[in-house]
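This report describes selected features of one protein model for a reader who is new to structural description. Please keep the sequence and the structure in view while reading.

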Amino acid sequence: MEAAQDGVAQRRYTFQPAAQPQIAVTPAQAGWDWRGQGELRLRVQNAMPWALTLVVDIDGADAKSHLHAVVGLPAGPAQTLVVPLHATSPLVFGMQAGPPMPFDDQGRRMLVATTVEGSLDLSMVRAVRLSMPAPQAAQTILLGRLDVVAGDAALHDAYAGIVDRYGQYTRGTWPEKVADDAALRAAVKRTPPATSAAGEDAYGGRLDVHLRETGWFHTQKAGGRWWLVTPDGHGFFSLGVNAVAADGGRSYVQGREGMFAGLPPDSGAWAAFRGTGDNRSAQQGAGAGRCCDHGRWFDFYAANLYRVDGKDWLAAWRTRTLARLRAWGFNTLGNWSDAALGAQHRLPYTRTVNIEGVFGNVATGYDWWGRMPDPFDPRFAQAADAAAAKAAQGVRDDPWLLGYFADNELAWAAPGPQGRWALAVGTLHGEARSDAKQAFIAELEKKYGAPDKLAAAWGIPLSSWHALQATNFPAPEPDAAHPAIAADYSAWLRRYADRYFRVVSQAIRRHDPHHLFLGGRFAASTPEAIAACAEYCDVASFNVYADLPQHGFDAAAMRRLDKPVLITEFQFGSDDRGPFGKGVVSVWNEAQRGPAYAKFVAAAAADPGIVGVHWFDYADQPVTGRLLDGENSHIGLVGITDVPFRGFVKAVRTANLSLRGMPAK
């Protein structure tokens, strides 16, 4: 035993190099009875000068009774490790990423496991096991007293008072964090550097790249390279930003009021920044299991804009934001941006055809944003026509409009080795009334003629064609012994995608014959869906979350299809500027975001098939999570206070202007 600096007795333990070395703490008798207890607390100190990963497993009477948690154990003084004795996660508190650990709780360092998996019968606890995943050298920790306490005090304390009146994380510090209104106004109103537009036409097209002039944005391949072309006939590489809007700072406060310190009152001018919403959806996987997904919200970002500019804050924000985007080298307003910004005709912009309404759908098992629309349902064509008419209203004759996206990140596929076939399997799983299912069955009947021939080809029992009509029909997964399954599924996937993109394309052309159809913003995709998109769309758009654009989509396939590609989402995030999440693609710290951005953009510009990249997104997400799904990542050009991240935007500006051939003074 040895004493820590505060006099508490601790014992030293060393994890030797192995696959999963562990320490087990067991009761003297058969098991502990922890009924009525809510948290395990263990005194622990990392004896190494670097952070360690510590795995905590709590075993019950059998394999089904078990809790599992993984925590990062920082170097430094001792702390109290707290493991809730039940399953929990940040989603239980309404957000996707939890607050950093440890935190100071009235002078005590508390390291709470904010994610715990499993379930435990507290009447019979047989062991607490501590382990490390495959250490390459001996790693030492010091352990003190282990006990259990009733309630969830430490877990709730971890989330208490974590957001200040500006929407900032209260327990952290960073250069752009503001302390008062005067500092906020000074930081937001700092004038961005001027940028010369010499060498470009009014739309941002390169004067040295002369192409066909049509009066509208279009595409053209010249010298082996694809280009977007401005209405004046010049090559244009789209550098865009998504979600340039003033309403992105909304976060639910109802049901978790204790997280917020200093919220303005509901009355007076502040009432404009409050509202109610409901983001519950049984058919969406995004945010499943999240608390606080409906009720009252507060918009921290818009409230900060009001603090800066008073009652005319929205007009002032639009003017300032357009000036910033141009100064930072951007030339396009990406998806979900404020429509009024595009209407001011200072930047090319995009529109979205959001196809909503009452029509059939197909579940793929990866229904993150909802089930796949059924394009064989006649009501889908009606909804697509209505959505295209709405999107084109007031802009169909505007030369500054780049084009239209359709929907976003549809579930064309699912994860896993058999994920490519998820839409085909999901179609056959559907109800008999499904128009897509009926179309698939008709296709199989036409090919095989008799059910026994399909049964032999697929290696399944099938007594009649009527048997395929059954809800939850057990559609087989393709295998090497039955190649007809993959062939039939592939044919169906292509027909499904053809129908979807043809219907949407026709709707867009009907209401706007001038502008580009920019595709469906693929996240999950199949070769069949991409080929159909290439046939009906002017540009194939991909949301790419990877270090380089070519690592996020099948560039070779797009070259064979000879269709230009627009990267419609990419990002690099870190967790050292307030929000807890690092985004989909993370870097170690803020200083690395700029180089990652520059490397990605340069690789895109060097690819003759890529015609632009759009960053996601303009502002950081709220600390406690956005309304839609609780995402709470630091991925913005600006913070929740509208203060730019100066080092990052400087690197972004340098990369953008270099690509456009402009000096970055």
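Is Cys533 buried or exposed? Cys533 is buried, because its relative accessible area is 1%, and buried means under 20%. This value, like every other in the report, is computed from a predicted model.

**Cysteines**

A disulfide is a covalent bond between the sulfur atoms of two cysteines. The structure holds zero disulfides. Cys533 takes part in none, and the nearest cysteine sulfur to it, that of Cys537, lies 3.4 Å away. A disulfide requires the two sulfur atoms to be within 2.5 Å, so the distance of 3.4 Å to Cys537 does not qualify. Cys292 is also a buried residue, with a relative accessible area of 13%.

**Two antiparallel sheets**

Two of the sheets in the model may be described strand by strand. One is an open sheet of three strands in the order β18-β20-β19, with antiparallel pairing. Its edges are formed by β18 (250–252) and β19 (274–278); each has a single partner strand, so one side of each has no neighbour in the sheet. On average, neighbouring strands here are turned by 40° against each other, direction ignored. Between β18 and β20 (residues 294–299) the antiparallel pairing runs over three bridges. Within this pairing, Ser251 has Phe298 of β20 as its bridge partner.

Another open sheet has four strands, arranged as β13-β16-β15-β14 and likewise paired in the antiparallel sense. Here β13 (206–210) and β14 (218–222) stand at the edges, and because each has a single partner strand, one side of each is left without a neighbour in the sheet. Neighbouring strands of this sheet are turned by 60° against each other on average, again with direction ignored. β14 pairs with β15 (residues 225–229) over five bridges in the antiparallel sense. Thr219 stands opposite Leu228 in β15.

**Backbone features in loops**

Several residues in loops deserve attention for their backbone angles. The peptide bond from Met101 to Pro102 is cis, with omega near -5°. Pro102 belongs to the loop between β7 (79–84) and β8 (103–105). A cis peptide bond also joins Phe616 and Asp617, where omega is about -5°. Asp617 lies in the loop between β29 (610–615) and α14 (646–659).

Trp336 is not a glycine, yet its phi is positive, at about 65°. This residue is found in the loop between β21 (332–333) and α5 (339–343). With a relative accessibility of 37%, Trp336 counts as partly exposed. Glu409, which is not a glycine either, has a positive phi of about 50°. Its place is in the loop between β25 (401–406) and α7 (422–429). Glu409 counts as buried, because its relative accessibility is 18% and the limit for buried is under 20%.

**Cavities and a pocket**

How many cavities of 30 Å³ or more are counted? The count comes to two. The largest cavity holds about 110 Å³ of space. It is lined by 17 residues, and those closest to its centre are Trp174, Arg577, Asp620, Gly639 and Ile640. The second largest cavity holds about 30 Å³. The residues that line the second largest cavity are Val163, Gly167, Phe260, Phe300, Pro622, Val623, Thr624 and Ile640.

The second largest pocket contains about 1000 Å³ of space. Of its 35 lining residues, Pro99, Pro100, Met101, Asp575 and Lys582 lie nearest the centre. Met101 thus appears both in this lining and in the cis peptide bond to Pro102. Three strands, β6 (66–73), β8 and β9 (108–112), each supply at least two residues of the lining. β6 gives the most, with six residues.

The table sets out the volume of each space and the kinds of residue in its lining.

| Space | Volume | Residues of the lining |
|---|---|---|
| Largest cavity | about 110 Å³ | eight nonpolar, six polar, three charged |
| Second largest cavity | about 30 Å³ | six nonpolar, two polar, no charged |
| Second largest pocket | about 1000 Å³ | 20 nonpolar, eight polar, seven charged |

Key. Residues are numbered from 1 along each chain as its sequence is written. This is a predicted model: local features need pLDDT of at least 70, side-chain atom pairs count only at pLDDT 80 or more; totals for chains, interfaces and linings use all residues. Side-chain values use heavy atoms; hydrogens and water are left out. On a 1 Å grid over the protein atoms alone, a cavity is a set of points where a 1.4 Å probe fits but cannot get out, and a pocket is an open set with protein on both sides within 12 Å along at least five of seven lines; lining residues have an atom within 4 Å of a point. Grid points are joined across faces, edges and corners, and a volume is the space filled by probe spheres set on the points. Ala, Val, Leu, Ile, Met, Phe, Trp, Tyr, Cys and Pro count as nonpolar, Asp, Glu, Lys and Arg as charged, and the others, Gly among them, as polar. Buried means under 20% relative accessible area, exposed over 50%, partly exposed in between (1.4 Å probe, protein chains only). Two strands pair if DSSP finds at least two bridges between them. Axes are lines fitted to C-alpha atoms, for helices over the stretch in contact, and angles run from 0 to 180 degrees between N-to-C directions.
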